[in-house]
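Colleague: I am new to this model and would like to understand the words people use for it. Could you take me through them one at a time?

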Amino acid sequence: MDLIQYATEADGPGLAKVNVQSFQGRRLLEEVFPGATLTRVQEYKVIVGMKHLSDPNMHVLKIHDPISGELATYSRWHFPASFGPSLITLTEDVAVLAKDPVQHAPQPINTELATAFKKLLADARKRYTTENDIILDLLATLPEYQGRGFGSAILKWGMEKADASQSRIFLEGTPEGVPLYLKHGWKIVEEAVMDYSLYGSDGRESFFLMMRDPVSQ
Ligand SMILES: CC(C)(COP(=O)(O)OP(=O)(O)OC[C@H]1O[C@@H](n2cnc3c(N)ncnc32)[C@H](O)[C@@H]1OP(=O)(O)O)[C@@H](O)C(=O)NCCC(=O)NCCS
């Protein structure tokens, strides 16, 4: 079996676990859902994951650790329509759930903060990308499986596709992810700062907007 596989509906809980547990050093989720347990946020992320699976331009990948079998790495790549659609389909009930995940979000939500964060990244994508660019929407490996080459294998998968089609790849990286992306040819184009003090909390967190130009073949 290939190391890198397309994720399916059945992977929902595994993907949500990676999504929530890999970013535990980051404050965003606890700021958006103050007071919610990690388990509750993970339940919600299962439904959000289904929304991504339902998007034909979003290619959702996973790697299972070959020894434990656990879903260790989760990645989402948004490709231009010219790459062809992701062929994952959802069952009818799940497709309905996926249409409006926010209905199932933990309460309370710091809506102002959540909206500001979405706008920060959406505006950045508008400034830096065109419909011909690939966007690496997410890459995360569970802490206990980090450093085993899974993240690099996924990047190689995407970089090969980008170079073959001479496409750029844009991403918003955490400070922890930046060294890996610099090593593989990304450059920082801007530091986007989420200032929590503007939304009833304190402190700030940086996201690095990064672009990789294709390597000529
Ligand atoms: C960044 C991340 C996606 C890399 O995935 P991964 O499966 O660990 O990737 P790899 O095993 O291929 O390692 C990539 C590089 O990171 C280094 N690395 C990975 N985990 C590490 C850790 N816990 N501590 C120190 N270095 C680590 C590796 O040494 C490797 O460096 P090298 O290429 O110079 O050898 C993963 O560590 C992660 O999910 N981190 C937390 C969430 C996050 O910040 N994601 C990035 C969002 S943009």
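Modeller: Gladly, ask away.

Colleague: Why is glutamine 166 called partly exposed?

Modeller: Its relative accessible area is 41%. Buried means under 20%, exposed means over 50%, and partly exposed is what lies in between (1.4 Å probe, protein chains only), so a value of 41% earns glutamine 166 the middle label. This is a predicted model, in which local features need pLDDT of at least 70 and side-chain atom pairs count only at pLDDT 80 or more, while totals for chains, interfaces and linings use all residues. Residues are numbered from 1 along each chain as its sequence is written, and side-chain values use heavy atoms, with hydrogens and water left out.

Colleague: Where does glutamine 166 lie, and what is special about its phi?

Modeller: Glutamine 166 sits in the loop between H6 and E5. Those names come from DSSP runs numbered from the N terminus: helices are H or I runs of at least four residues, and strands are E runs of at least two. The phi of glutamine 166 is positive, about 55°, although this residue is not a glycine.

Colleague: What makes aspartate 65 buried?

Modeller: Aspartate 65 has a relative accessible area of 4%, so it falls on the buried side of the cut-off. This aspartate is in the loop between E2 and E3.

Colleague: Which residues does aspartate 65 touch?

Modeller: Not counting residues up to four places away in sequence, aspartate 65 touches Glu70, Ala72, Tyr145, Arg148 and Phe150. Contact here means heavy atoms within 4.5 Å.

Colleague: And lysine 45, is it buried or exposed?

Modeller: Lysine 45 is buried: its value is 18%, and therefore it meets the limit for that word. Lysine 45 lies in helix H3 and, leaving aside neighbours within four places in sequence, is in contact with Ala16, Asn19, Val20 and Leu29.

Colleague: Which residues of helix H1 are buried, and what covers them?

Modeller: In H1 (residues 12-22), the buried ones are Gly12, Leu15, Ala16, Val18, Asn19, Val20 and Ser22. Their cover includes helix H2 (28-32), helix H3 (38-53), strand E2 (58-64), strand E3 (71-78) and E4.

Colleague: Why is glutamine 103 called exposed?

Modeller: Glutamine 103 has a relative accessible area of 61%, so the label is exposed. Its place is in the loop between H4 and H5.

Colleague: How do you know that glutamine 103 has a polar contact with aspartate 100?

Modeller: Their side chains are joined at 3.1 Å. A polar contact is a pair of N or O atoms within 3.5 Å; within protein, one must be able to donate a hydrogen and the other to accept it, and residues adjacent in sequence count only if both atoms are side-chain atoms. The value of 3.1 Å is within that limit, so the pair counts.

Colleague: Where is the cis peptide bond?

Modeller: It joins glutamine 107 and proline 108, with omega about 0°. Proline 108 is in the loop between helix H4 (92-99) and helix H5 (111-128).

Colleague: What makes a group of residues a nonpolar core, and which residues have the most contacts inside the largest one?

Modeller: A core is a set of buried Ala, Val, Leu, Ile, Met, Phe, Trp, Tyr and Cys residues joined through side-chain atoms within 4.5 Å. The largest has 39 residues, and Trp77, Leu136, Leu155, Ile169, Tyr181 and Trp186 have the most contacts inside it. Helix H6 gives the largest share of this core, seven residues. A second, separate core of 17 residues includes Leu28, Val32, Val48 and Tyr196.

Colleague: How many residues surround the ligand?

Modeller: There are 19, and the closest are Thr141, Gly149, Ser152, Thr174 and Lys183. A residue counts as near if one of its heavy atoms lies within 4 Å.

Colleague: Which atoms of the protein lie by the ligand's oxygen and nitrogen atoms?

Modeller: An N or O atom in the side chain of serine 152 is 2.5 Å from an oxygen atom of the ligand. A polar backbone atom of arginine 148 is 3.0 Å from a ligand oxygen, and a backbone N or O atom of leucine 139 lies 3.3 Å from a ligand nitrogen.
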